[in-house]
Amino acid sequence: MTDHPRDRFDLIPDAAAEAAFLDALDRGRLHHAWLLCGVEGGGKATFAYRAARRLLGAAPDPSSGLLGASPDDPVSRLISAQSHPDLLVLERAVEGGKTKKSISVDQARELPEFFSKSPSQARYRVAIIDAADDLNLNAANALLKALEEPPERGVLFLITHAPGRLLATIRSRCRRLAFPVWPPHALEELVRNRTGVSSAEAARIASMAAGSPGHALALASGATLDADRLAQGWVAAQTVDRAEAISVADKFRGAEGQERFETLMDRLIAAVKVRALEEGASGARWAELWSRLSELPERAAAINLDRADVLAGALADLQRTKAAG
């Protein structure tokens with residue numbers, strides 16, 4: 001697994017974004033709400049935590065970029081331990097080992113109360129919403145109320161992968177920072193430096209990551225690479241090894257099993273997508289399979305289907321698609 005953004009200190013998401021933020025801070029024109037936009041895994045959450053450390057008083061560490069801070073700084077330690085009293089993070093809650101589908105209105109209502117209090121250890125109080133796309137409608141309206149009454153010493157970071165889906169009234173009350181996709185050569189360098197994989201493997205990962213450093217690092221983790229190789233093998237093989245599939249499905253139990261299942265399904269969907277694109281005009285059946293598989297994980301979670309059964313069904317659909325050719 002890759003580090004959580006609150007524990008990343010050596011990844012600089014976007015130097016231009018950090019310079020813009022520091023310029024506003026240094027000139028005393030710090031906006032109360034920042035909309036961080038870009039592809040998922042593009043470094044937006046990492047930026048938010050880097051900016052939060054600076055606002056909450058962590059000593060600068062120029063060797064780690066404009067917003068760099070040492071992981072040994074007391075402020076950094078409190079943030080990593082999720083115990084800093086002047087930082088509030090809203091994200092989808094986990095209950096019974098399952099992650100909720102959205103950020104609830106009750107969570108969003110914590111914002112006004114949090115910002116109504118004076119900072120206890122720092123100059124500012126900081127809140128991070130990761131991601132604003134996960135707010136349900138009532139939660140979005142509750143957030144809007146908080147934005148309409150900007151706190152004097154409060155700063156809010158809203159992370160979004162799809163800003164167009166947010167309420168226009170929310171977007172209009174925020175200063176926007178865009179995080180561009182990373183070019184392949186930068187992703188390759190990041191993966192090589194962080195994981196030590198070969199240049200060829202780093203290039204393959206970069207091509208799959210779609211400009212997202214977070215996605216690239218996740219792909220470079222051992223478990224994700226194994227899942228990717230397995231999925232590619234299933235798509236390329238004439239038939240799927242049933243015993244192998246059963247062995248894989250046996251590891252889907254519990255919270256860790258959920259992560260394994262999601263990773264494998266993600267890589268299987270990606271492998272089918274590549275096959276559909278390679279087939280071109282004659283790949284209609286692969287495109288249809290890609291569409292069906294893309295909807296499967298969310299539908300399975302909605303009605304609580306057994307993960308092993310979901311994988312078995314997906315592989316059976318894959319086999320039918322091959323046979324139709």
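**Close-up 1. E262 in helix 13 of a predicted model.** This structure is a predicted model, and our tour starts at E262, a residue of helix 13, which covers residues 254-279. Is E262 buried, partly exposed or exposed? It counts as partly exposed, because its relative accessibility is 45% and that category lies between 20% and 50%. You can also look for F252, which sits 10 residues away from E262 along the chain. The C-alpha atoms of E262 and F252 are separated by 9.4 Å.

**Close-up 2. E201 in helix 9.** Now turn to another glutamate, E201, found in helix 9, residues 199-208. E201 is buried, because its relative accessible area is 15% and buried means under 20%. Which residues does E201 touch, once its neighbours within four places in sequence are set aside? They are L225 and R229.

**Close-up 3. The largest nonpolar core.** This core holds 32 residues, and those touching the most other members are F21, W34, L36, F47, L55 and F157. Several elements each give two or more residues to the core, including helix 1 (15-26), helix 3 (74-80), strand 1 (33-38) and strand 6 (154-160). Which element supplies the largest share? That is helix 2, with seven residues.

**Close-up 4. F157 and its contacts.** Leave aside the neighbours within four places in sequence, and F157 still has plenty of contacts to find. Among them are F21, W34, L36, F47 and L55, residues that, like F157, are named for touching the most other members of the largest core. F157 also contacts A48, A51 and A52, as well as V126, A127, I128 and I129.

**Close-up 5. A second core.** A separate core of 28 residues can be found too. Its members include L230, L293, L296 and L315.

**Close-up 6. Stepping back to the whole protein.** The protein has 15 helices and seven strands. Its C-alpha atoms fill a box of roughly 65 × 45 × 35 Å along the principal axes. For 325 residues, a compact globule would have a radius of gyration near 20 Å, and the 22 Å of this protein agrees with that. Buried residues make up 46% of the 325. Of the contacts between residues at least 6 apart in sequence, 72% join residues at least 24 apart. On the outside, about 16,400 Å² is exposed, with carbon and sulfur atoms supplying 50% of it. Finally, how far apart are the mean positions of the 41 positive and 43 negative charges? They are 3 Å apart.

Conventions
Residues are numbered from 1 along each chain as its sequence is written. This is a predicted model: local features need pLDDT of at least 70, side-chain atom pairs count only at pLDDT 80 or more; totals for chains, interfaces and linings use all residues. Side-chain values use heavy atoms; hydrogens and water are left out. Helices (H or I, at least four residues) and strands (E, at least two) are DSSP runs, numbered from the N terminus. The radius of gyration is taken over C-alpha atoms; the globule rule is 2.2 Å times the number of residues to the power 0.38. Buried means under 20% relative accessible area, exposed over 50%, partly exposed in between (1.4 Å probe, protein chains only). Contact means heavy atoms within 4.5 Å. Accessible areas come from the Shrake-Rupley method with a 1.4 Å probe; for residues, only the protein chains shown count as cover. Lys and Arg count as positive and Asp and Glu as negative; His and the chain ends are not counted. The place of a charge is taken as NZ of Lys, CZ of Arg, CG of Asp or CD of Glu. A nonpolar core is a set of buried Ala, Val, Leu, Ile, Met, Phe, Trp, Tyr and Cys residues joined through side-chain atoms within 4.5 Å.
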